[in-house]
Amino acid sequence: MKLSKRLAAISALALCTVALQGQGQGQGQAPAAAPAQGRQQGPPGGFGGAPIMHTIKEGKLYWALAGASVGFVIGDTGVIMIDDGFANASAIIKQVTDKPVTTVIETHDDTDHINGLYTTPNADKLKIIAMEDNWKQQWTTFKWTEKPKATCPQSPMPPAPNVIIRQDKVATTIDGVRFVFHHYGPSHTGHDLIIELPDYKVAFIGDVVFDADMFPDHPGMPAQDHGMFWKSEKRGTPLGMFHNVDELLKLDVNTYIAGHGTDTLTKAQIKAKRDAIKADYDKEAAMVRSGMSLEDLRKAVGEDKYGPRGGCIAYVDLPWYVYTETKRDMEELKDRGTIK
Ligand SMILES: [Zn+2]
């Protein structure tokens, strides 16, 4: 780290202290996060910008936003981080506790959620909890990515998850704090992990639902996408998102923390997002069933008037999902076959 950057980091942490000791929620300058996925430095709270810290329960539970969210759960002896997506994320929590970071839980493998691991002290000694497919996906993406490395630089592989979740509803206690891990099938990716904290009635939901515009550098997300998108190359699916939200609504929690969002979300808010996308999905699926081509569907919903989006991120529009999933559904129903 260059001296100027180090000084910026030190003064930034001091500002964070003020914010945290004030109203429990505020904005400090922290060391700018490394641009993820080819992004440039952004405004406070944005990708590459200074993290904005939020307090859920003083001394116990916090989350910070710098493009992506990072949760901090204070245990008896250490800190459990939920995602580690931006540089020096672990430094922020030093303002409220001297306890070391011992554990990182990954909601999914997207680089904007795990790349801060490079800057977390003793990353190779941490307990890193994730869905089984998270690790397989990291390896595959790293090994087989089709993105041109010159324009979309790849980081080295982060430390691998070493505690694996393979099913829904895994309840455990980590450092004195109760956790329940949920997996409701594919949504944003094929391995989304929901982290429920029953003692706080809070759930960290990764990118199953988020409410921030992910492409400020490519304004004009298609209206029918409602600010969301899914990772086709990682088995994400909007159809799965509807089911995921249905399950999330059943949890005995009142606060949802999304992977990207300027504030926490309520049950009503995640349901509204789901319902709005489902209404567009159903409308488009009816067009596909009536024989419309993908090209005509895109024109019918105005998708064709938007330019390329996402930069180094693979972006697939909602009409493509609706067309592909509806066609597949129609094919499967045509011939059910028999097992003899
Ligand atoms: Zn994300």
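Which residues is H108 in contact with, leaving aside its neighbours within four places in sequence? In this predicted model, the contacts of H108 are with H113, N134, H188, T189, H191, D192, L193, G206 and D207. H108 itself is placed in the loop between β6 (101-105) and α3. Although H108 belongs to a loop, the residue counts as buried, because 27 C-beta neighbours are found inside 10 Å, where 20 or more are required. H108 also illustrates how positions separated along the chain are brought together, since H108 and G259 are 151 residues apart in sequence and 9.8 Å apart in space, taken from C-alpha to C-alpha.

The chain as a whole contains 8 helices and 13 strands, and buried residues account for 43% of its 340 residues. Among contacts with a separation of 6 or more, 61% are between residues that lie 24 or more positions apart. Confidence in the prediction averages a pLDDT of 84 over the chain, with 82% of the residues scoring at least 70. Residues 1-38 form a stretch in which pLDDT stays under 50, and for this stretch the model has 75 contacts beyond four places in sequence. Where pLDDT is low, the predicted coordinates should not be read in detail.

In soluble globular proteins, nonpolar side chains tend to be buried together. The largest nonpolar core of this model has 73 residues, of which Y62, A64, F72, M81, I195 and I205 touch the most other members. Strand β3 (residues 61-66) supplies the largest share of this core, namely 6 residues. For I195, when residues up to four places away in sequence are not counted, the residues touched are I82, I105, F179, F181, A203 and F204.

Several of the strands that hold these residues can be followed through their pairing. Strand β5 (residues 79-82) runs parallel to β6, to which it is joined by 4 bridges, and V79 stands opposite V101 of β6. On passing to the next pair, β6 and β7 also run parallel and are joined by 3 bridges, with K127 in β7 serving as the bridge partner of T103.

A further group of 5 strands makes up an open sheet with mixed pairing, in the order β9-β10-β11-β12-β13. Because β9 and β13 (255-258) each have a single partner strand, they stand at the edges, and one side of each is left without a neighbour in the sheet. From one strand to the next, the twist averages 25 degrees. The edge strand β9 is hardly covered, as the count of buried residues among its 5 residues is 0. β9 pairs with β10 in the antiparallel sense over 5 bridges, and one of the bridge partners in β10 is R178, which is matched with T173. These two strands form a hairpin with 2 residues between them, and D175 in the turn has a positive phi of about 50 degrees. Strand β10 (residues 177-182) is in turn antiparallel to strand β11 (residues 194-197), with 3 bridges between them, and V180 has E196 of β11 as its bridge partner.

Most residues other than glycine have a negative phi, and most peptide bonds are trans. Against this background, N122 has a positive phi, near 55 degrees, and is found in the loop between α3 (111-114) and β7 (127-131). N122 counts as exposed because 11 C-beta neighbours lie inside 10 Å, the limit being 12 or fewer. K169 likewise has a positive phi, near 60 degrees, and lies in the loop between β8 (163-165) and β9 (170-174). K169 is exposed too, because 9 other C-beta atoms are within 10 Å.

Helix α6 (residues 267-289) comprises 23 residues and reaches 32 Å from its first C-alpha to its last, which is close to the 33 Å expected at 1.5 Å a residue. An α-helix has 3.6 residues a turn, so residues three or four places apart point the same way. The buried residues of α6 are I270, K273, R274, I277, Y281, E284, A285 and V288. After α6 comes G291, whose phi is positive and near 105 degrees.

Methods: Residues numbered from 1 in each chain as written. Predicted model: local features only at pLDDT ≥ 70, side-chain atom pairs only at ≥ 80, totals over all residues. Core = buried A, V, L, I, M, F, W, Y, C linked by C-beta atoms within 7 Å. Contact = placed C-beta atoms within 7 Å. Pairing = 2+ DSSP bridges. Axes fitted to C-alpha atoms, helices over the stretch in contact; angles between N-to-C directions. pLDDT = per-residue confidence, 0-100. Expected span 1.5 Å × (residues − 1).
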